[in-house]
Amino acid sequence: MHVDQALTVDRERLQSDLERLVAIPSIAFEGYPREPLDEAADLVEELLRDARAAQIQRVDVPGEAPTLVADFPGAGPTVLLYSHYDVQPAPADGWETDPFTPTVKDGRVYGRGAADDKSGIVAHLAALRAFDGAPPVHVKLVVEGSEENGRQALLGVVDEQPDLLRADVMVIADNGNWKVGEPTLSQTLRGHGKLVVTLRTLDGALHSGHFGGAAPDALLALNRLIATLHNDDGSVAVQGLQDGDWDGTEWPEPDFRRQARVLDGVALVGSGAISDRVWARHAISVLGLDAPPVEGAGNIVIPEARAKIAVRVPPGADPVQSLAAVERHVRANVPWGARIDVVVEPASTPIALPALPEAERALEQAFGKPVARMGSGGSVPLVAKLRAAYPDASFVLWGAQDSDLARIHAANESVDLGEIAGIALAEALLLKELSST
Ligand SMILES: [Zn+2]
């Protein structure tokens with residue numbers, strides 16, 4: 001790839017860096033060994049040194065894999081480039097190749113973490129190598145090791161060492177184009193809240209042969225209650241939720257069906273434009289249900305049942321009000337006078353990110369196509385934290401994890417090498433653009 005005469009991305013190097021990283025099973029979850037995380041951190045440090053970082057700081061947080069912060073001095077604004085080296089677990093089920101043996105097929109590298117988010121690390125490195133490690137602006141390259149487990153030690157680093165991560169522009173390379181070759185900026189993130197609903201109907205379990213037919217079953221009551229959350233077409237039936245309209249790119253239905261891997265003959269839920277449904281309106285789902293497992297289920301009328309209900313909150317809506325509306329709805333729709341208990345968990349606030357024109361120009365130039373503006377489901381806690389700590393910073397959410405084929409968090413995760421090269425070039429062009437503003 002060679003758009004700007006002065007800027008080239010070394011694709012072979014990019015691929016070999018990626019393969020070395022993917023070969024390390026750096027899983028930061030309970031029950032997995034610590035050594036691969038340290039091995040991955042060591043390799044990232046080696047790659048940063050090799051990319052001519054002037055200074056590398058290893059931030060240790062007890063119990064978590066270290067965060068690496070590399071400094072590349074330069075004039076003008078400070079740009080932070082973010083990625084993470086920890087990966088999701090890779091249960092053997094469904095994998096066609098070994099998840100930790102990087103395998104190249106049709107221009108894609110298969111392996112756990114190839115896309116999420118080791119592609120981000122190598123894109124950043126390639127962008128810095130395009131300047132021989134001497135970028136035209138000040139760059140802080142941040143690679144953390146506890147993103148996937150939800151503990152995200154980096155969020156604590158923001159509180160303890162705010163100057164370490166302070167920057168004018170934050171580039172989060174943990175997203176992707178909506179299709180391979182279609183440059184995409186994520187401009188909004190939906191907020192997220194949860195309610196745990198418990199229904200009680202009886203003082204204890206009953207023999208269903210003696211009492212079934214008249215004794216109220218709590219699991220049935222809960223199922224009836226959950227069913228009231230949606231209309232017949234699957235649209236949300238809760239009153240008082242503030243929905244909006246999507247003004248970015250439309251997500252065509254055939255693409256959505258393919259990308260969401262909806263089975264043939266199964267209808268989508270909701271109504272209206274797909275983009276409105278997934279980025280501008282509330283969505284409600286059931287994340288978990290406490291019920292006796294089918295295996296070993298006894299002949300009883302169930303006295304108590306519990307569900308965890310998740311609410312996605314679009315930009316423009318207040319998550320506290322949205323969760324209050326859902327709570328009002330469930331309390332008002334309890335069948336048979338069952339006793340109800342509702343615990344509302346703290347919600348994250350939806351985010352709308354103002355566009356950064358330099359980023360849009362850089363991305364358009366790198367891919368040679370106009371940029372699509374889409375919503376995103378990831379990086380919410382990180383972006384929320386950084387926005388609160390550095391209110392004047394601009395944010396750029398992009399990456400090489402295309403929404404079409406990358407299958408992040410699932411079996412057969414992969415990344416298109418051209419996508420990484422495109423994002424690396426976009427980052428190099430962005431650094432150059434920012435140096436002249
Ligand atoms: Zn990620």
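The second largest cavity in this predicted model has a volume of about 30 Å³. Its walls are made by Leu 80, Tyr 82, Val 142, Leu 154, Leu 165, Leu 382 and Leu 386. Two elements, β3 (78–84) and α12 (380–389), each give two or more residues to that lining. By class, the lining of the second largest cavity holds seven nonpolar, no polar and no charged residues.

A few words on how to read this. The model is predicted, so local features need pLDDT of at least 70 and side-chain atom pairs count only at pLDDT 80 or more, while totals for chains, interfaces and linings use all residues. Residues are numbered from 1 along each chain as its sequence is written, and side-chain values use heavy atoms, with hydrogens and water left out.

A cavity here is a set of points, on a 1 Å grid over the protein atoms alone, where a 1.4 Å probe fits but cannot get out, and lining residues have an atom within 4 Å of a point. Grid points are joined across faces, edges and corners, and a volume is the space filled by probe spheres set on the points. Ala, Val, Leu, Ile, Met, Phe, Trp, Tyr, Cys and Pro count as nonpolar, Asp, Glu, Lys and Arg as charged, and the others, Gly among them, as polar. Helices (H or I, at least four residues) and strands (E, at least two) are DSSP runs, numbered from the N terminus.

With a threshold of 30 Å³ or more, the count is two cavities. Here they are together:

| Cavity | Volume | Lining residues by class |
|---|---|---|
| Largest | about 70 Å³ | nine nonpolar, two polar, one charged |
| Second largest | about 30 Å³ | seven nonpolar, no polar, no charged |

Now to the largest cavity. Its lining includes Leu 185, Ser 186, Gln 187, Ala 355, Arg 373 and Val 396. The elements giving two or more residues to this lining are β8 (184–189) and β17 (394–398).

Ala 355, one of the lining residues, sits in the loop between β15 (351–352) and α11 (357–367). Ala 355 is partly exposed (between 20%, under which a residue is buried, and 50%, over which it is exposed; 1.4 Å probe, protein chains only), at a relative accessible area of 47%. Its C-alpha atom lies 8.0 Å from that of Val 396, 41 residues apart along the chain.

Finally, the strands. Pairing asks for at least two DSSP bridges between two strands. Strand β13 (residues 304–313) runs antiparallel to β9 (residues 191–200), joined by ten bridges, with Arg 200 partnered by Glu 304. Strand β11 (residues 283–290) is also antiparallel to β13, through seven bridges, and there Val 286 has Ile 309 as its bridge partner.

Notes:
1 Å grid on protein atoms, 1.4 Å probe; cavity = no way out; pocket = protein on both sides within 12 Å on 5 of 7 lines; lining within 4 Å.
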